[in-house]
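Work through the exercises below with the sequence and the model side by side. Each task is followed by a solution in steps.

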Amino acid sequence: MNLSTSIITVLLTFLCTGLMANWLIQRWQYRNWLNQQRFLGAEKQYEALKAVADDISKVSAKRLSAMFRVLSALDQSADRLEERRKIYSDAVDEWNQNINSFQYKTTLYFNWGMTQRLEHDINENFVKIGGRIERNIRIKQINDQAKISDKQEILSQLFKLQGILGNFHRDMLNVVLQKQASTYQGVEIGYNESDLQYFSTWQLIKALFITRVELFRIVLTSFELEKPARRRH
């Protein structure tokens, strides 16, 4: 009887151990799969963010360059002016075809403040300065000998817009670089009340034994840091 009991105990122990090991392995595999899917999602978001920034930079730079070139052609031959006017017109068309998409994507991937800057600081200036350039083009088309009295003023406005665009692209790039870092390297989180929810139980216990807890840091992956990363932007 004792031998039978021992055998049953061994078998049950083996069975329970096997079941527990199998459960742990499945849980570990599922957790790894879930983390991989979250990482892929964060990576796709980073790639989309970068693509939006690149597209806005490319199309806006093309329009600004065309404005500078057609403005300089106002004092040149009618053929050169017409050549530059066509280039400018194509750049305007490309910008106008994309502006609604840009506004939607900056709101989705950046923030509403970036969308407002795109509309009020950049697009409105494109329209205002472009209107002055186009009026002068029409004047020159009617009378090739006409003098353009406000060319320097328009040029000054274009240089100012160039600076605004530079600041806008710099800020977009900073967001892209932050997203790249959080996706591939992770981001440091300090021990403070607003971020305690992101600390594990073990990390919170560990913090109890640290003298200068304000220096305690953990590194989280991008999908773990999604909410605080957006708040910082």
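**Exercise 1. Is E82 buried, partly exposed or exposed, and what is its relative accessible area?**

Solution. Start with the cut-offs: buried means under 20% relative accessible area, exposed over 50%, partly exposed in between, with a 1.4 Å probe and protein chains only. E82 has a relative accessible area of 27%, so E82 is partly exposed. Before going on, note that this is a predicted model: local features need pLDDT of at least 70, side-chain atom pairs count only at pLDDT 80 or more, and totals for chains, interfaces and linings use all residues. Residues are numbered from 1 along each chain as its sequence is written, and side-chain values use heavy atoms, with hydrogens and water left out.

**Exercise 2. Which residue forms a salt bridge with E82, and where does the pair lie?**

Solution. Apply the rule: a salt bridge is a side-chain nitrogen of Lys or Arg within 4 Å of a carboxyl oxygen of Asp or Glu.
- The partner of E82 is R85, with the closest N and O atoms 2.8 Å apart.
- Both sit in helix α2 (residues 78-110), where helices are DSSP runs of H or I with at least four residues, and strands are runs of E with at least two, numbered from the N terminus.
- R85 and E82 are three residues apart, which means about one helical turn separates them.
- R85 is partly exposed, at 25% relative accessibility.

**Exercise 3. How many salt bridges does the rule give, and which parts do the pairs R117 with D171 and D150 with R132 tie together?**

Solution. The count is nine salt bridges. Take the pairs in turn.
- R117 and D171 have their closest N and O atoms 2.7 Å apart. R117 is in helix α3 (residues 112-142) and D171 in helix α4 (residues 151-184), so this salt bridge ties together parts 54 residues apart in sequence. R117 is partly exposed, with a relative accessible area of 26%.
- D150 and R132 have their closest N and O atoms 3.0 Å apart. D150 belongs to the loop between α3 and α4, R132 to helix α3, so the pair ties together parts that are 18 residues apart in sequence. Both D150 and R132 are buried.
- Shared partners also join R117, R170 and D171 into one network of salt bridges.

**Exercise 4. How many aromatic pairs are there, and why is the pair of F68 and F159 called tilted?**

Solution. The rule: rings of Phe, Tyr and Trp (its six-membered ring) pair if their centres lie within 6.5 Å; planes under 30 degrees apart count as stacked, over 60 as edge-to-face and the rest as tilted. The whole structure holds three aromatic pairs. For F68 and F159 the centres are 5.2 Å apart and the planes stand at 50°, so the pair is tilted. F68 is in helix α1 (residues 2-72) and F159 in helix α4, so the pair ties together parts 91 residues apart in sequence. F68 is buried, with a relative accessible area of 19%. F159 is partly exposed, at 47%. Ring pairs also link W95, F102 and F126 into a cluster.

**Exercise 5. Which members of the largest nonpolar core touch the most other members, and which elements supply the core?**

Solution. A nonpolar core is a set of buried Ala, Val, Leu, Ile, Met, Phe, Trp, Tyr and Cys residues joined through side-chain atoms within 4.5 Å.
- The largest core has 38 residues; W95, F110, L118, F126, I133 and L158 touch the most other members.
- α1, α2, α3 and α4 each give two or more residues to this core.
- The largest share is that of α1, with twelve residues.
- Leaving out residues up to four places away in sequence, I133 touches M67, V70, I154 and L158, where contact means heavy atoms within 4.5 Å.

**Exercise 6. Where does α2 bend, and which of its residues are buried?**

Solution. The bend at a residue is the angle between axes fitted to the seven residues ending there and the seven starting there. For α2 this is about 40° at N98. Buried residues of α2 include L81, R84, Y88, W95, F102 and F110.

**Exercise 7. What pattern does the chain follow, and what share of its residues is buried?**

Solution. The chain has six helices and two strands. Along the sequence they read α-α-α-α-β-α-β-α. Of the 233 residues, 32% are buried.
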